[in-house]
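Q: Hi! I've got a structure open here and I'm new to this. Could you walk me through it?
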Amino acid sequence: MTERHTHPPEVVPPPPETPPPGPEALPPPHEPEPDAAGPDDDPPRPPFEPISRHAPRFRLILGALIGVAIGAIGATLVLVSGQGPSTGGDRWSAWKPSTDSLGNGAQEIADHVAPAYRQQGGDQLVGVTGGPLKVAASPDPLPAKIAVASQDTTKIGIVRGKTALYNLCGLGSHCAINRGKPSKQRFLLLNREALELALYSFKYLGADNVVALLPPAPGQRPQSAVFFQRGEFKKVLQHPIDQVLPSPPPSITTLADSPQGQLISRVTSPSVYCFSFQQAQDLSAFLVLQKPITTAKQPCASALSTGSATPQSSGSGSTGTSTNG
């Protein structure tokens with residue numbers, strides 16, 4: 001009688017599904033490793049076969065990390081240099097104001113952006129009003145011009161063009177935020193909000209300049225502003241806003257140490273100024289912007305009292321710092 005599992009003659013190659021014969025005296029304790037098989041003994045391992053049971057999990061985590069890295073690199077390229085991937089079509093944002101006028105359009109942008117920015121407890125960070133650049137010290141607000149002074153006031157330039165003005169105001173005295181403590185992290189989040197207001201204004205209102213007045217620390221008067229000009233963001237505006245500022249905004253605690261926080265700091269830090277309103281001889285109004293003196297204990301108070309461009313009253317109580325908000 002022929003045995004059921006006799007080996008075929010050696011001249012006949014074994015079928016692909018048959019494992020290679022081994023010494024009968026030393027049977028393998030388990031299936032041989034794929035790498036140990038000869039080229040004619042076993043078909044090659046499919047490329048998708050996992051090396052270990054943990055490999056799919058590792059690949060999933062690695063893919064997520066690569067996605068985050070690509071997103072951060074893309075946002076950096078777009079925001080810093082205007083380069084980077086762009087999506088086709090005319091859709092720049094999921095929302096847009098119903099008008100391109102500075103009066104109503106800027107307020108619609110303010111109403112859209114402000115609720116997304118939150119304090120640690122979940123309360124809205126600040127209220128925001130928007131409109132054209134005017135001085136509202138009288139019943140009939142006067143149009144104003146922007147004067148940008150160097151730190152030592154040796155140079156003063158007049159800014160031309162269409163300007164949108166946003167006022168970021170907390171519920172405390174002089175628009176200070178009445179909850180939480182002022183910090184560099186919160187100041188950074190306010191700068192991100194100002195940048196988002198500016199991008200919407202450049203895109204939909206045709207603004208040439210955007211000024212955002214930031215809330216002061218409690219007990220101080222407002223002195224910090226962020227000033228953006230359209231020419232700095234021409235290439236950025238060719239990309240959807242979600243590529244530049246992903247929504248929703250991060251929290252105060254997570255923004256500072258994130259790649260996005262470092263990017264926002266890099267872009268907005270050069271745009272932070274100290275501000276004051278001044279009246280010219282012809283009774284026209286000027287919004288004077290001056291770089292803070294970062295080496296001083298009170299950067300804005302020191303800057304605004306330097307030179308003759310922005311004389312300050314000694315009784316104003318102004319003690320601006322770089323961590324307003």
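Q: How much surface does the chain expose, and what share of it do carbon and sulfur atoms supply?
A: The chain exposes about 19100 Å², and 57% of that comes from carbon and sulfur atoms. Keep in mind that this is a predicted model.

Q: Cool. What share of the residues count as buried?
A: Of the 325 residues in the chain, 38% count as buried.

Q: And how many helices and strands are there?
A: The chain has seven helices and nine strands.

Q: What about contacts between residues that sit apart in the sequence: what share join residues at least 24 apart?
A: If you take the contacts between residues at least 6 apart in sequence, 67% of them join residues at least 24 apart.

Q: Let's look at helices. At what angle do α3 and α6 cross?
A: Helix α3 covers residues 184–204 and helix α6 covers residues 259–268; their axes cross at roughly 70° and come within 10 Å. The two helices are therefore roughly perpendicular to each other.

Q: Is that crossing left-handed or right-handed?
A: Left-handed, as α3 passes α6.

Q: Which residues meet there?
A: From α3 you have Leu188, Asn191, Arg192 and Leu195, and they meet Gln260, Gly261, Ile264, Ser265 and Thr268 of α6. By type, the residues in this contact are three nonpolar, five polar and one charged.

Q: Thr268 caught my eye. Is it buried or exposed?
A: Thr268, which is found in helix α6, has a relative accessibility of 0%, so it counts as buried.

Q: Which residues does Thr268 touch?
A: Leaving out residues up to four places away in sequence, Thr268 touches Asn191, Leu195 and Phe228.

Q: How many residues apart in sequence are Thr268 and Phe228?
A: They are 40 residues apart in sequence, and their C-alpha atoms are 8.6 Å apart in space.

Q: Back to α3 for a second. At what angle does α2 pack with it?
A: Helix α2, residues 102–113, packs with α3 at an angle of about 140°, and the axes are 10 Å apart. That makes α2 and α3 oblique to each other. The crossing of α2 past α3 is right-handed.

Q: Which residues make that contact?
A: On the α2 side they are Ile109, Ala110, His112 and Val113, and on the α3 side Glu193, Glu196, Leu197, Tyr200 and Ser201. This contact of α2 with α3 has five nonpolar, two polar and two charged residues.

Q: New topic: backbone oddities. Which residues does a cis peptide bond join?
A: Ser247 and Pro248, with omega at about 0°. Pro248 lies in the loop between α4 (241–244) and α5 (252–255).

Q: Why point that out?
A: Because most peptide bonds are trans. Likewise, most residues other than glycine have a negative phi.

Q: OK, so which kind of phi does Cys175 have, positive or negative?
A: Cys175 has a positive phi of about 75°, although it is not a glycine. You can find Cys175 in the loop between β5 (163–169) and α3.

Q: Is Cys175 buried or exposed?
A: With 18% relative accessibility, Cys175 counts as buried, since the cut-off for buried is under 20%.

Q: And what about Leu283: where does it sit?
A: Leu283 is in the loop between β8 (272–279) and β9 (285–290). Leu283 also has a positive phi, near 70°, and is not a glycine. Its relative accessible area is 55%, so Leu283 is exposed.

Notes:
Residues numbered from 1 in each chain as written. Predicted model: local features only at pLDDT ≥ 70, side-chain atom pairs only at ≥ 80, totals over all residues. Heavy atoms only, no water. Axes fitted to C-alpha atoms, helices over the stretch in contact; angles between N-to-C directions. Helix = DSSP H or I, 4+ residues; strand = E, 2+ residues; numbered from the N terminus. Parallel < 35°, antiparallel > 145°, perpendicular 65-115°, else oblique. Left-handed = near helix turned anticlockwise from the far one by under 90°. Contact = heavy atoms within 4.5 Å. Nonpolar A, V, L, I, M, F, W, Y, C, P; charged D, E, K, R; others polar. Buried < 20%, exposed > 50% of the residue type's maximum accessible area, 1.4 Å probe, protein only. Areas by Shrake-Rupley, 256 points an atom, 1.4 Å probe, with all protein chains shown as cover.
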